[in-house]
Amino acid sequence: MNNYMKLEIPSKSQNEAFARVVVAAFAAQADPTIDEISDVKTAVSEAVTNAVIHGYENKTGTIVISATLTGARLEVTIVDYGVGIEDLEQARKPLYTSKPELDRSGMGFTIMENFMDSCDVISEPGKGTTVTMVKTFGRADDTEA
Amino acid sequence: MEVKFKKTGSTLIVKMFGELDHHAAGFLRSNIDAKLNRSDINDILFDFQGVNFMDSSGIGMILGRYKIVSLKNGKVLACNLSPRLMRIFEMSGLLTKITVYNSERDALTGA
Ligand SMILES: Nc1ncnc2c1ncn2[C@@H]1O[C@H](COP(=O)(O)OP(=O)(O)O)[C@@H](O)[C@H]1O
Ligand SMILES: [Mg+2]
């Protein structure tokens with residue numbers, strides 16, 4: 001199964017659910033398990049929410065979500081053209097958040113890393129952030145080695 | 001997300017239905033905090049029976065309420081967590097702050 005999709009949305013919080021459902025429906029073509037689909041949904045929700053809250057700091061900007069399926073391998077990319085991330089290493093640390101006053105938990109990147117096979121982040125202050133995540137379905141029996 | 005509130009003794013029971021994401025967390029926060037301000041509530045019990053999705057915004061919402069009730073020496077409890085939610089709770093260290101029960105009844109009797 002080889003396929004691709006691209007979705008462009010304004011950074012409104014109502015679109016977080018829409019974006020994750022679209023990617024989950026796209027990924028469903030590769031016949032993932034319910035758990036795998038939930039992993040994808042959760043990871044996409046984290047990245048899109050970050051674009052809304054941090055990237056655009058609740059101003060409205062454009063978020064582009066694209067995905068490709070190559071056999072059982074899903075690659076999904078979430079792009080914003082917002083404020084970017086100054087210190088990526090710090091940002092990815094579990095429990096680190098730059099907005100504790102907004103009830104953020106700082107667990108977004110940790111969840112993306114745990115629920116997907118890989119999570120790469122490219123960011124430039126003032127330009128924006130690109131998060132690319134990969135998950136290959138059908139590896140549930142692999143022990144976590 | 002829909003929410004139903006119930007009060008038993010000094011415990012506010014928050015029954016949630018739907019997807020607990022950033023959008024829903026803001027809605028829940030303002031509804032819960034309005035109740036916390038106005039009444040003789042010490043503890044909060046979150047019932048996750050109807051929650052079919054949660055991401056880290058849910059964790060942040062719960063931690064925020066934990067901070068508020070802790071000021072009055074109150075507790076936060078949770079019940080009816082699916083294995084997936086349990087995993088997210090564990091990952092984020094929530095289990096050191098809040099006690100998880102199988103059911104609402106267990107939570108209220110402290111079983
Ligand atoms: N798209 C983004 N644009 C700008 N900053 C970001 C973006 N995504 C993440 N960050 C930064 O990385 C930090 C950690 O993100 P995350 O782990 O999701 O935690 P949280 O969203 O709870 O703060 C954020 O607090 C923010 O400073
Ligand atoms: Mg986040």
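**Chain B fold, its interface with chain A, and two loop residues**

Among contacts in chain B between residues at least 6 apart in sequence, those joining residues at least 24 apart account for 65%. The model is predicted. Chain B contains four helices and five strands, and it meets chain A through an interface that buries about 1900 Å². In chain A, D31(A) and L95(A) are non-glycine residues with positive phi.

**Fold and dimensions of chain B**

- The order of elements along the sequence of chain B is β-β-α-β-α-β-α-β-α.
- The C-alpha trace of chain B extends over about 30 × 30 × 20 Å along its principal axes.
- A compact globule of 111 residues would have a radius of gyration near 13 Å, and the 13 Å of chain B agrees with this.

**Burial, surface and charge of chain B**

- Of the 111 residues in chain B, 49% are buried.
- The exposed area of chain B is about 5200 Å², and carbon and sulfur atoms supply 48% of that area.
- Chain B carries 15 positive and 11 negative side chains.
- The centres of the positive and negative sets in chain B are 4 Å apart.

**Interface between chain B and chain A**

- On the chain B side 21 residues are in contact, and on the chain A side 26 residues.
- Carbon and sulfur atoms give 48% of the area of about 1900 Å² buried between the two chains.
- H22(B), R84(B) and M91(B) together supply 31% of the area that chain B buries against chain A, and no other three residues supply more.

**Positive phi in chain A**

- D31(A) has a phi near 60°, a positive value in a residue that is not glycine.
- D31(A) sits in the loop that links α1 (14-27) to α2 (34-55) of chain A.
- The relative accessible area of D31(A) is 67%, so this residue counts as exposed, the cut-off being over 50%.
- L95(A), also not a glycine, has a positive phi of about 75°.
- L95(A) belongs to the loop between α3 (88-91) and α4 (108-115) of chain A.
- With a relative accessible area of 51%, L95(A) is therefore also classed as exposed under the cut-off of over 50%.

Key. Residues are numbered from 1 along each chain as its sequence is written. Chains are lettered from A and ligands numbered from 1 in the order in which they are written. This is a predicted model: local features need pLDDT of at least 70, side-chain atom pairs count only at pLDDT 80 or more; totals for chains, interfaces and linings use all residues. Side-chain values use heavy atoms; hydrogens and water are left out. Helices (H or I, at least four residues) and strands (E, at least two) are DSSP runs, numbered from the N terminus. The radius of gyration is taken over C-alpha atoms; the globule rule is 2.2 Å times the number of residues to the power 0.38. Buried means under 20% relative accessible area, exposed over 50%, partly exposed in between (1.4 Å probe, protein chains only). Contact means heavy atoms within 4.5 Å. Accessible areas come from the Shrake-Rupley method with a 1.4 Å probe; for residues, only the protein chains shown count as cover. Lys and Arg count as positive and Asp and Glu as negative; His and the chain ends are not counted. The place of a charge is taken as NZ of Lys, CZ of Arg, CG of Asp or CD of Glu. Buried area is the accessible area (1.4 Å probe) that two parts lose on being put together, summed over both.
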